[in-house]
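Visitor: I'd like to walk through this model with you. Could you show it to me and take my questions as they come?

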Amino acid sequence: MNLIMLGAPGSGKGTMAKLIAKDFALPHISTGDIFRENIKNQTEIGKQAKAIIDRGELVPDEITIKIVENRLKEDDCKDGFILDGFPRNLTQAKALENFAKIDRVILLDVPNEEIERRMSGRRTCKDCGEIYNTETYDKTTCAKCGGELYQREDDKLETVRNRLEVYERQTAPLINFYQDKIFRAEGKDTPQETYEPVKIELSLVK
Ligand code: AMP
């Protein structure tokens with residue numbers, strides 16, 4: 001089963017993708033995580049992407065598409081995958097059609113005010129990338145690996161607003177592009193509640 005998670009930054013795509021990955025034994029491929037890993041390791045891609053990501057803009061399509069195309073060739077993707085954060089515009093969506101067939105697109109529907117509230121409290125582990133929110137977790141170290149938690153440069157309010165604008169302009173048109181494959185999940189109070197109808201829908205996909 002080949003899936004895409006669609007939704008504004010902070011809508012909970014990563015959290016939802018992790019729940020699906022666990023239940024359906026699919027690899028979770030987050031382009032944001034791949035870029036952050038490259039930045040941490042100071043690779044050529046990381047160097048090119050850092051300033052762009054810090055501004056909340058999109059990394060050039062040629063770079064991003066190649067990364068995903070190569071990643072999907074790996075062995076663990078042969079029975080399916082979950083793409084989280086890709087595609088983010090029509091050029092990427094059309095390119096993806098040349099190397100993968102998508103079964104379902106899960107659209108996370110969360111109002112912008114709720115997103116701004118969530119994102120300003122978001123903290124990320126420097127070591128393993130686990131995500132927390134100051135509203136539900138007030139410690140400064142990761143419960144999983146003990147790494148230090150920090151606020152991503154692109155989770156600061158100004159950048160969040162820019163990212164939401166980029167989403168509206170470039171990514172939201174994909175809802176129309178994928179209209180036959182979309183399953184709309186309304187953001188509920190807890191990830192588990194949001195996930196329930198998604199799980200039922202995906203268990204029906206052949
Ligand atoms: P995310 O963790 O998915 O919110 O991604 C963090 C940042 O990485 C984004 O704001 C973009 O700058 C960059 N990025 C992630 N995925 C893509 C993509 N598909 N195309 C271009 N840039 C991306």
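Guide: Here are some questions and answers on charges, strands, rings and the ligand.

Visitor: Glad to be here! What kind of model is this, and what pLDDT do side-chain atom pairs need to count?

Guide: Residues are numbered from 1 along each chain as its sequence is written, and side-chain values use heavy atoms, with hydrogens and water left out. This is a predicted model in which totals for chains, interfaces and linings use all residues, local features need pLDDT of at least 70, and side-chain atom pairs count only at pLDDT 80 or more.

Visitor: How many salt bridges does a search of the whole structure find?

Guide: Let's fix the term: a side-chain nitrogen of Lys or Arg must lie within 4 Å of a carboxyl oxygen of Asp or Glu. With that rule, the search of the whole structure gives a total of 20.

Visitor: In which helix do aspartate 33 and arginine 36 both lie?

Guide: These two form a salt bridge, their closest N and O atoms being 2.9 Å apart. Helices are DSSP runs (H or I, at least four residues) and strands likewise (E, at least two), numbered from the N terminus. The partners are 3 residues apart, about one turn of the helix, and that helix is α2 (residues 31-40).

Visitor: Is glutamate 114 buried, partly exposed or exposed?

Guide: Glutamate 114 forms a salt bridge with arginine 118, the closest N and O atoms being 3.1 Å apart, and both lie in helix α6 (residues 112-120). Buried means under 20% relative accessible area, exposed over 50%, and partly exposed in between (1.4 Å probe, protein chains only). Arginine 118, at 23%, is partly exposed. Because its relative accessible area is 25%, glutamate 114 is partly exposed.

Visitor: Which residues do salt bridges with shared partners join into one network?

Guide: Start from arginine 152 and aspartate 154, which form a salt bridge at 2.9 Å between the closest N and O atoms. Both of these residues are buried. Through shared partners, the network comprises Arg122, Arg152, Asp154, Asp155 and Arg163.

Visitor: Which strands stand at the edges of the open sheet?

Guide: Two strands pair if DSSP finds at least two bridges between them. Here 3 strands run in the order β6-β5-β7 with antiparallel pairing. One side of each edge strand is left without a neighbour in the sheet because each has a single partner, and these strands are β6 (131-133) and β7 (149-150).

Visitor: Why is the pair of tyrosine 132 and tyrosine 137 described as it is, stacked or edge-to-face?

Guide: Rings of Phe, Tyr and Trp (its six-membered ring) pair if their centres lie within 6.5 Å; planes under 30 degrees apart count as stacked, over 60 as edge-to-face and the rest as tilted. The structure holds 2 such pairs. With centres 4.2 Å apart and planes at 25°, tyrosine 132 and tyrosine 137 are therefore stacked.

Visitor: And how are the planes of phenylalanine 177 and tyrosine 178 set, stacked or edge-to-face?

Guide: Tyrosine 178 is buried at 5% relative accessible area, whereas phenylalanine 177 is partly exposed at 28%. Their ring centres are 4.9 Å apart and their planes stand at 85°, so the pair is edge-to-face.

Visitor: Lastly, how far is a backbone N or O atom of glycine 85 from a nitrogen atom of the ligand?

Guide: Glycine 85 is among the residues that come nearest, out of 16 around the ligand, where near means a heavy atom within 4 Å. On the side-chain side, an N or O atom of arginine 36 is 3.0 Å from a ligand oxygen. For the backbone atom of glycine 85 and the ligand nitrogen, the distance is 2.8 Å.

Notes:
Polar contact = N/O pair within 3.5 Å; in protein donor to acceptor, adjacent residues only side chain to side chain.
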